[in-house]
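Could you walk me through this fold one selection at a time? I have the viewer open and would like to know what to click on next.

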Amino acid sequence: MYGHIAGKLARGDIIILDGGTGTDIQRRGVPMSSGTWCAEANLSHPDVVAAVHADYIRSGADIITANTFATSALLFNAVGRDDDMLAIDQAAVAIARRAAAGHAVAVAGSMSTMRPVQPGSDRTLKQQEWPEAQARDLFRRKAENLAAAGVDLIMMEMMRDQDYSVWATEAAQATGLPVWIGLSAERRKDGALTGFGREDQMLDDVARVLSALKPDAFSIMHTSPNDTGAAIDVLRRHWSGPVGAYPESGYFTMPDWTFVDIIAPADLVAKARDWQRRGVTAFGGCCGLGPEHITALRSAFPS
């Protein structure tokens, strides 16, 4: 099902992505796990996960992303659940594939470098590090499992550094599937743009290193709408290929998303038109943004 997406990318046509999957699952009343956030919902509440995907398809999404962000290879290894990750991902992809059946919609698998998160915060606990060889092997198992489960492409999400993000992306590319890199940024206290949660990683350096991997597309995602434009400009110093933008709104206090000051759909569209002038052709939403935002984007950028 990726062929029509590849055609849109090649022509520079608009592509509409879905919105936040995990946060919309929470919004519908599913309790979030204190350790693995929204991952368990694939097993405990598959009907709700399916309904989220279905609503994004009805809203006009060209690509939906299976609920596999939180089944991070690093996170599940840290809590001793390597094989559970594989089973949960298989369930997640099956749910997304059933939702997409009969629609001209591609199904992406999400890969992240999420680690255990400090309770009540969005900050990663950094006590544990993984040797490169071990991390690469963990990412390989995740990527190969997503491919075997039947995703059409792999979305690298919240890529933010020059080590784990590179190893994870290379594992995804080794499957032979199309790979989109999603780069997440935030402003440090001094105003500099860095990788999200990696204040030691300047965004310009991360964009340069990840651009050299030559993904099929590159997005600025899980970044404040107010910083997304500047992050696109940084990315454009190193990347001339297709660009997407899908920001977040609100904030995370592990294990729950806090839906505060969520950007209005009309305001998101206005931002998207500015990003389009910067060369962006794929639009969607990340955490905090729901079907109403995707409906507004689809209306503003019809097929």
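Here is a short tour of the sheet and some of its helices, in a model that is predicted.

**Stop 1: the whole sheet.** Select the strands β1-β13-β10-β9-β5-β4-β3-β2, given here in their order across the sheet. You are looking at an open sheet of eight strands with parallel pairing. Strands of a sheet pair through backbone hydrogen bonds, either parallel or antiparallel. Now colour β1 (15-16) and β2 (63-65): these are the edge strands, and each pairs on one side only.

**Stop 2: β4 and β5.** Select residues 153-159 for β4 and 179-183 for β5; four bridges link this parallel pair. Zoom in on Met 155 and you will find its bridge partner in β5, Trp 180. Next, add helix α7 (residues 132-149), which packs on the sheet and touches β3 (106-111) and β4. The direction of α7 makes about 165° with that of β3.

**Stop 3: another helix.** Show α9, residues 203-211, which lies across β4, β5 and β9 (217-221). Relative to β5, helix α9 runs at about 175°.

**Stop 4: β9 to β10.** Four bridges hold β9 and β10 in a parallel pair, and Ser 219 stands opposite Gly 244 in β10. Follow the chain from β9 through helix α10 (residues 225-236) to β10: this β-α-β crossover is right-handed.

**Stop 5: inside β10.** Which way do the residues of β10 (243-246) point? Val 243 and Ala 245 point one way, Gly 244 and Tyr 246 the other, and all are buried.

**Last stop: β13.** Select residues 280-283, the strand β13, which runs parallel to β10 and is joined to it by three bridges. Here, Val 243 stands opposite Val 280.

Terms used: Residues numbered from 1 in each chain as written. Predicted model: local features only at pLDDT ≥ 70, side-chain atom pairs only at ≥ 80, totals over all residues. Heavy atoms only, no water. Pairing = 2+ DSSP bridges. Helix = DSSP H or I, 4+ residues; strand = E, 2+ residues; numbered from the N terminus. Contact = heavy atoms within 4.5 Å. Axes fitted to C-alpha atoms, helices over the stretch in contact; angles between N-to-C directions. Buried < 20%, exposed > 50% of the residue type's maximum accessible area, 1.4 Å probe, protein only. Right-handed = clockwise from strand over helix to strand, strands pointing away.
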